[in-house]
Amino acid sequence: MNNALFESSLKSLPRLGRGKVRDIYGVGDDKMLIVTSDRLSAFDVVLPDPIPDKGRVLNEMANFWFGKLGHIVPNQLTGIDPETVVEDPSEKAQVKGRSVVVKKLKPLPIEAVVRGYIIGSGWKDYQKTGKVCGIELPKGLKQAQKLPAPIFTPATKAEEGHDENISFEEVEKRVGKDVAAKVRDISIRLYREASDYAATKGIIIADTKFEFGLDAKGNVVLIDEVLTADSSRFWPADSYQVGMSPPSYDKQFVRDYLETLDWDKTPPAPKLPGEVIAKTSQKYREALERLTGRSLG
């Protein structure tokens with residue numbers, strides 16, 4: 001297994017941060033270079049094994065969606081070629097195909113989750129309370145069932161540990177009523193348009209997570225990644241069934257494997273078998289090809 005791109009190591013730009021998957025570098029005072037690594041996190045813990053080509057797939061898929069949904073909300077992209085902002089020729093290979101130059105914005109301290117189907121933590125909450133993030137849902141729903149309409153179910157944005165579902169009222173407290181309403185409405189519109197498109201490609205988007213920032217004028221801007229296999233649940237429509245966790249094109253495959261282990265979902269994470277790594281890499285590539293018609297070179 002080639003671990004060379006498990007982490008970027010640019011020297012020509014100042015490193016501003018290292019997320020679970022992305023490395024962030026400063027470009028001047030008002031821009032950043034975001035490099036998408038091959039790291040994989042599950043249950044908010046970074047796994048020890050990278051997934052080959054995962055970073056390139058996520059970068060390509062996010063750029064596809066940024067372009068397709070740009071009429072709904074402004075996004076972080078500058079259009080600057082990442083290879084032009086690193087000086088050392090040896091560093092160009094680290095950014096090629098897996099990075100973007102973005103505007104530096106003020107990120108909102110929430111994750112904007114939209115659910116069209118009841119699965120994952122939403123399913124667990126529903127089983128206990130009949131609600132998700134305080135939203136009352138119809139009685140008698142089954143696992144993976146389609147909801148009557150997409151719902152906005154925000155979460156905290158944890159630097160460490162697990163994100164937690166919060167109510168819309170809590171979002172209003174954190175970002176203000178006006179911004180909260182804009183984020184909710186934009187998120188649901190993004191999800192609806194993306195879901196309608198994905199359906200034509202035989203893929204169900206069960207749920208997804210968006211992140212937003214504010215520009216200097218207070219405008220809401222779409223940031224981070226968008227509708228990738230890391231931030232969404234993609235299900236093949238032809239094998240979808242209500243009442244079970246459907247097979248997926250995203251990292252749910254890894255989550256399902258980890259659920260079979262005696263692991264308490266705290267660091268350090270267990271190593272993945274070679275076949276799970278290979279299958280996950282294949283699923284990411286297949287999602288890219290089916291949704292966008294593009295394939296990695």
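A residue is called buried here when its relative accessible area is under 20%. With that cut-off in hand, the salt bridges of this predicted model make a good place to start. A search of the whole structure finds 21 of them. In one, Glu225 pairs with Arg22, and the closest N and O atoms are 2.9 Å apart. This contact reaches across distant parts of the chain, for the partners are separated by 203 residues. Glu225 belongs to the loop that runs between strand 14 (220–223) and strand 15 (232–236), while Arg22 is part of strand 2 (residues 22–27). Glu225 and Arg22 are both buried.

Strand 2 also supplies Asp23, whose partner Arg39 lies in the loop between strand 3 (31–36) and strand 4 (41–42); the pair therefore ties together parts that are 16 residues apart in sequence. The N to O distance in this salt bridge between Arg39 and Asp23 is 2.9 Å, and both residues are buried. A further salt bridge joins the side chains of Glu211 and Lys209, with 3.7 Å from N to O. Glu211 has a relative accessible area of 6% and is buried. Lys209, at 19% relative accessibility, also counts as buried because the cut-off is under 20%. Shared partners link some of the salt bridges, and Arg15, Arg18, Asp23 and Arg39 are joined in this way into one network.

Turning to the aromatic side chains, the search of the whole structure gives ten pairs. One of them brings together Phe64 and Trp65, with ring centres 5.2 Å apart and planes at 75°, so this pair is edge-to-face; the class applies to planes over 60 degrees apart. Both rings belong to buried residues: Phe64 has 12% relative accessibility, and Trp65 has 0%. The rings of Phe210 and Phe212 offer another arrangement, with centres 6.4 Å apart and planes at 50°, so the pair is tilted. Here too the residues are buried, Phe210 at 0% relative accessibility and Phe212 with a relative accessible area of 2%. Phe64 and Trp65 appear again in one aromatic cluster, together with Tyr197. An aromatic ring also meets a charge in this model: the charged end of Lys265 sits over the ring of Phe43, at 4.8 Å from the ring centre.

These local features can now be set within the overall fold. The protein contains seven helices and 15 strands. What radius of gyration does the protein have, and how does this value fit a compact globule? The value is 19 Å, which agrees with the figure near 19 Å for a compact globule of 297 residues. The C-alpha trace spans about 60 × 50 × 40 Å along its principal axes.

Burial and contacts complete the picture. Of the 297 residues in the protein, 51% are buried. Among contacts with a separation of 6 or more, 64% are between residues 24 or more positions apart. The salt bridge of Glu225 with Arg22, whose partners are 203 residues apart, is one link between distant parts of the chain. On the outside, the accessible surface comes to about 13700 Å², and carbon and sulfur atoms account for 50% of it.

Methods
Residues numbered from 1 in each chain as written. Predicted model: local features only at pLDDT ≥ 70, side-chain atom pairs only at ≥ 80, totals over all residues. Heavy atoms only, no water. Phe/Tyr/Trp six-rings, centres within 6.5 Å; stacked < 30°, edge-to-face > 60°. Buried < 20%, exposed > 50% of the residue type's maximum accessible area, 1.4 Å probe, protein only. Lys NZ or Arg CZ within 6 Å of the ring centre and 35° of its normal. Helix = DSSP H or I, 4+ residues; strand = E, 2+ residues; numbered from the N terminus. Rg over C-alpha atoms; globule rule 2.2 N^0.38 Å. Contact = heavy atoms within 4.5 Å. Areas by Shrake-Rupley, 256 points an atom, 1.4 Å probe, with all protein chains shown as cover. Salt bridge = Lys/Arg side-chain N within 4 Å of Asp/Glu carboxyl O.
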